[in-house]
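This report describes selected local features of one protein model. Please examine the sequence and the structure before reading on.

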Amino acid sequence: MFEMFQLPFMVQAFTAAVITGVLLSFLGVHVVGRGIVFVDLALGQISSLGVAFAAYIGTGLTTIPLVFTLVGALLMSFINIRDKRLKQEAIIGILYAFASAVTVLLISKTAHGDSDIQEVLFGNILSVSWEQISSIGIVFGAIGLMHLIFFRKFFTLTESFENGENHLVGIFNIWNFLFYISIGLAIVFAVKINGVIPVFSFLIIPAVSAIMLTKNKIAVIIIAFIISILAGFFGLNFSFHYDFPAGSSIVTVLGLIFIVAALYNIIKGVALKRSH
């Protein structure tokens, strides 16, 4: 089970998976609590649109995706739907679809169109370098430290969304703005290594699975951490032993963990009904 660690690139891949998985699963608790699961996909796709645009014009492969994602995060922080017939997810879903379509249009004009689209979706974590890991460690460490210091501020805001009091947030709220900036930065760096789909999965599946397993908020965070680390370990093991793509292997393991959590939740519900 630990043979893969004899290969340096697998150690690097696992280190990157742990760093990205732990922070994304923590941010996912906020994303799921706010009911904005599409925001991750949309920001990830906007980041990919930046990569596609930079590849199309032949410059700015690092700066352009960063600018695209931060502008997208800034605009999303201003979305405040007052018409009850409309939901925030609908607007974010439209942004996702639009960014996806333009990304495919731009990538189709590059030299390796199909393979580039595959890499945008699932990344190539097996090729991550220690230099990339150091960069993402610094960025993710800074984001994690900010959320640790202002833990109560961020969670109070998320609870206002959970309780349907988000209309009290106002047009501009500094903590809402910082949340979107932090999630935008996390996604733009994570997508470069993991791809859009694994980043979405790391954000949503550990948080949703943990919520199914416990009602304690601190326990939800800890379980989400554990799930993300287990998915990175067993996903890379599956890829190593059976020669499958690493990104899709990690997503598959996350999906299996979700199924187990869902079955546990169903069985627990049935047992509770019978006991009453």
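Over the ring of which residue does the charged end of Arg-34 sit? The ring is that of Phe-179, with the charged end 4.0 Å from its centre; such a placement requires NZ of Lys or CZ of Arg within 6 Å of the ring centre and within 35 degrees of the ring normal.

The model is predicted, so local features need pLDDT of at least 70 and side-chain atom pairs pLDDT 80 or more, while totals for chains, interfaces and linings use all residues. Residues are numbered from 1 along each chain, and side-chain values use heavy atoms, without hydrogens and water.

Helix H10 covers residues 217-242 (helices are DSSP runs of H or I, at least four residues, numbered from the N terminus). Its 26 residues should span 38 Å at 1.5 Å a residue (times one less than the number of residues), and the end C-alpha atoms are 37 Å apart, which agrees. A side-chain oxygen of Asn-216 caps the N-terminal end of H10, 3.0 Å from the backbone nitrogen of Ile-218. Asp-243, whose phi is positive, near 60°, follows the helix. The buried residues of H10, including Phe-233, pack against helices H1, H7, H9 and H11.

Ring pairs link Phe-5, Phe-14, Phe-233 and Phe-234 into a cluster (ring centres within 6.5 Å).

Accessibility is classed as buried under 20% relative accessible area, exposed over 50% and partly exposed in between (1.4 Å probe, protein chains only).

| Residue | Relative accessibility | Class |
|---|---|---|
| Phe-5 | 26% | partly exposed |
| Phe-14 | 18% | buried |
| Ser-182 | 2% | buried |

Ser-182 lies in helix H8.

Key. Helix = DSSP H or I, 4+ residues; strand = E, 2+ residues; numbered from the N terminus. Contact = heavy atoms within 4.5 Å. Polar contact = N/O pair within 3.5 Å; in protein donor to acceptor, adjacent residues only side chain to side chain. Phe/Tyr/Trp six-rings, centres within 6.5 Å; stacked < 30°, edge-to-face > 60°.
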